[in-house]
Amino acid sequence: MIYYQDETMMIRSMEPADAQPLTDGEHAQGWHTDIAKFRMRLKDQEEGRAIALVAEADGQPVGYINVYPDAKDGAFGGQGLPEIVDFGVLEPYRRRGIGGRLMDTAERIAGKYADTVYLGVGLHNGYGSAQRMYVKRGYIPDGTGVWYQDRICDPYAPCVNDDDLVLYLSKKLK
């Protein structure tokens, strides 16, 4: 399904053929991505748990985002709210509006299910551009503090500043 298209990009449903080029693109920028990440999103989409989206530019997949309409995990898990999960744009394609268009599309989809959407963002500097973008788009911290390995991190509890250390943010869509 095509969700958006203009002369420079297309936002469409993720397809199995997208997994390898996205994995290769993330490896090329030094990320330790496993193709299983994309295969899991495809499986969740096939089973109706997620809407997995890909941004295509220059005839190839260059970004992705996923919407879980009734997320079960995280700060708002089990409350019937959609979660935006696993968002990325390959470095050579950043600053072209692709990330914003992916977010616009994900928020539009989430808005069909609820008036609020949430997401978790990592806290290390690799997430800096995402942190800034979410704030500019109106996302605010949910108030539960930092989460580590899918649980609230108690004050003074040990944690590691890795991809499992996140802050949950939410946004009113309507």
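This is a guided tour of a predicted model, moving from the sheet to the helices that pack on it and then to a few individual residues.

**The sheet.** Begin by selecting the strands, which form an open sheet of 9 strands in the order β1-β2-β3-β4-β5-β6-β9-β7-β8, with mixed pairing. If you then colour β1 (2-5) and β8 (151-152), you will have picked out the edge strands, each of which pairs on one side only. Staying at the β8 edge, add β7 (residues 140-148), which pairs with β8 in the antiparallel sense over 2 bridges; within this part of the sheet, Trp 147 stands opposite Ile 152 of β8.

**Helices on the sheet.** Next select helix α2 (residues 36-46), which lies across β2 (10-13), β3 (51-57), β4 (60-68) and β5 (83-89), and whose direction runs at about 50° to β4. Then bring in α3, which also packs on the sheet and touches β1, β2, β3, β4, β5, β6 (116-122) and β9 (165-172), its direction making about 165° with that of β5.

**Glu 107.** Within helix α3 (residues 98-110), select Glu 107 and display its side chain, which is joined to that of Arg 137 by a polar contact of 2.9 Å. Apart from neighbours within four places in sequence, Glu 107 is in contact with Ile 84, Arg 137, Tyr 139, Lys 171 and Leu 173. Is this glutamate buried or exposed? With a relative accessible area of 9%, Glu 107 is buried.

**Thr 23.** Move now to helix α1 (residues 19-28), where Thr 23 is found. Thr 23 counts as buried, its relative accessibility being 2%, and when residues up to four places away in sequence are set aside, it touches Thr 33, Asp 34, Ile 35 and Phe 38.

**Two cysteines.** Finally, select Cys 153 and Cys 159, and display the sulfur atoms. A search of the whole structure finds 0 disulfides; Cys 153 is in none, although the nearest cysteine sulfur, that of Cys 159, is 4.2 Å away. Why is there no bond from the sulfur of Cys 159 to the closest cysteine sulfur? The two sulfur atoms of a disulfide must lie within 2.5 Å, and the 4.2 Å between the sulfur of Cys 159 and that of Cys 153 is therefore too far for a bond. The two residues can also be compared by accessibility: Cys 153 is buried, with a relative accessible area of 18%, whereas Cys 159, at 38%, is partly exposed.

How values were computed. Residues are numbered from 1 along each chain as its sequence is written. This is a predicted model: local features need pLDDT of at least 70, side-chain atom pairs count only at pLDDT 80 or more; totals for chains, interfaces and linings use all residues. Side-chain values use heavy atoms; hydrogens and water are left out. Buried means under 20% relative accessible area, exposed over 50%, partly exposed in between (1.4 Å probe, protein chains only). Helices (H or I, at least four residues) and strands (E, at least two) are DSSP runs, numbered from the N terminus. A polar contact is a pair of N or O atoms within 3.5 Å; within protein, one must be able to donate a hydrogen and the other to accept it, and residues adjacent in sequence count only if both atoms are side-chain atoms. Contact means heavy atoms within 4.5 Å. Two strands pair if DSSP finds at least two bridges between them. Axes are lines fitted to C-alpha atoms, for helices over the stretch in contact, and angles run from 0 to 180 degrees between N-to-C directions.
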